[in-house]
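Grab a pencil and have a go at these exercises. Try each task yourself before you read its solution.

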Amino acid sequence: MFSFFTKPTYPKTALGIERETITAVSLSRSGRQFGVNRAASVEVPNNLIDPNFLDRNISDPTQFRYILEEAVTSAGLLGQKRWSVSLPSTSARTAILTLDGGVGSKGESEEIFDWKAEQTFGAPAAELRITRVPISSDVDGKRRYFATAVKLSVLDEYETIFEQFGWKAGLVLPRSVAEARWLFGSGASGDSLLISAQWDGFTAIMMQGNEPFVVRSVTCKPSEMDDEIYRLLLFYNDRFGGANSGRFLDRVLLVGRDLSTARIDEISKDALGRALSVLRIEDIGLNIPAGDLSFGDLAAPAGLAAFGSP
């Protein structure tokens with residue numbers, strides 16, 4: 001499914017924009033391993049970025065531009081003109097859209113898709129930039145799409161500042177979609193799960209091979225996260241992991257400071273009767289040099305940069 005993103009020629013440099021940090025990174029590739037050539041993360045002042053799907057994200061564009069320049073300069077990437085960009089997961093929305101009805105004319109299909117997108121994302125389709133990829137039909141044969149949406153007014157906030165540097169952002173995706181890049185290509189037989197923590201909860205993407213089949217955005221307090229993950233695993237077991245299904249959830253990738261491998265072991269044992277394999281950095285083929293860089297800051301922009309290193 002993600003081959004859709006690798007067909008165009010995307011840059012090997014990417015920005016990760018978050019509420020707390022801005023990260024710039026460039027990658028190199030050797031076989032199935034990715035190495036971080038240059039990277040830097042810079043802390044973002046409180047309230048400068050308010051990740052929001054419908055409303056303004058950047059409170060002070062001048063200060064944002066300064067922090068952005070500091071990040072790319074510290075990484076030695078100020079001269080780069082082509083970037084991929086990951087936005088905070090709450091600045092964009094991601095969903096699997098299922099379309100009812102048969103295949104009509106192209107115009108009818110677009111109208112049906114737009115209507116479904118508006119119902120799912122909560123904004124008129126004309127006000128959104130929607131990226132969609134067809135995935136496998138559901139059990140009833142209905143067409144399904146993996147779709148991400150960013151409000152044009154929100155996107156314009158970021159792109160206006162990029163243009164001031166003379167940059168072109170060719171691929172702009174939500175953080176969690178970029179992080180899901182690290183779940184495919186291993187050839188593992190079981191299903192996999194991304195849990196990406198953010199300031200107001202987490203986003204979960206379940207994948208069968210290289211194709212997503214469940215997307216959940218959960219708003220909760222840190223103290224409630226364990227219970228919500230437990231409910232998510234029970235949902236998988238009830239819906240997909242029955243004894244006769246031939247499927248099982250095997251691996252989980254954790255991104256975020258509030259996620260603990262030990263706690264995920266306990267939660268998965270309670271929910272599934274067995275511990276999931278928690279992926280390590282070396283398991284996904286990303287080599288991070290020793291220093292102050294964290295996987296949590298690098299996972300999304302490095303995932304995007306990896307699209308430029310097929």
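**Exercise 1.** In this predicted model, find the order of the strands in the open sheet of six strands, and name its edge strands.

*Solution.* Step 1: trace the sheet from one side to the other, and you get β8-β4-β1-β2-β3-β14, with mixed pairing. Step 2: look for strands that pair on one side only; these are β8 (168–174) and β14 (286–287). Step 3: zoom in on β2 (residues 21–30) and β3 (residues 33–43), which run antiparallel and share ten bridges. Here R29 has F34 in β3 as its bridge partner.

**Exercise 2.** Work out whether the ring pair F113 and Y145 is stacked, tilted or edge-to-face.

*Solution.* Step 1: the ring centres are 5.5 Å apart, and pairing needs them within 6.5 Å. Step 2: the planes meet at 80°, and over 60 counts as edge-to-face, so that's our answer. Step 3: place the residues: F113 sits in helix α3 and Y145 in strand β7, 32 residues apart. Both F113 and Y145 are buried.

**Exercise 3.** Now do the same for F213 and Y236.

*Solution.* Step 1: their centres lie 6.3 Å apart with planes at 50°, so this pair is tilted. Step 2: F213 belongs to strand β11 and Y236 to helix α6, so the pair ties together parts 23 residues apart in sequence. Step 3: buried means under 20%, so F213 at 11% is buried, and so is Y236 at 0%.

**Exercise 4.** Which element supplies the largest share of the lining of the largest pocket?

*Solution.* Step 1: the pocket has a volume of about 510 Å³, and 19 residues line it, with F213 among the closest to its centre. Step 2: β11 gives the largest share, six residues.

How values were computed: Residues numbered from 1 in each chain as written. Predicted model: local features only at pLDDT ≥ 70, side-chain atom pairs only at ≥ 80, totals over all residues. Heavy atoms only, no water. 1 Å grid on protein atoms, 1.4 Å probe; cavity = no way out; pocket = protein on both sides within 12 Å on 5 of 7 lines; lining within 4 Å. Points joined across faces, edges and corners; volume = space filled by probe spheres on them. Helix = DSSP H or I, 4+ residues; strand = E, 2+ residues; numbered from the N terminus. Pairing = 2+ DSSP bridges. Phe/Tyr/Trp six-rings, centres within 6.5 Å; stacked < 30°, edge-to-face > 60°. Buried < 20%, exposed > 50% of the residue type's maximum accessible area, 1.4 Å probe, protein only.
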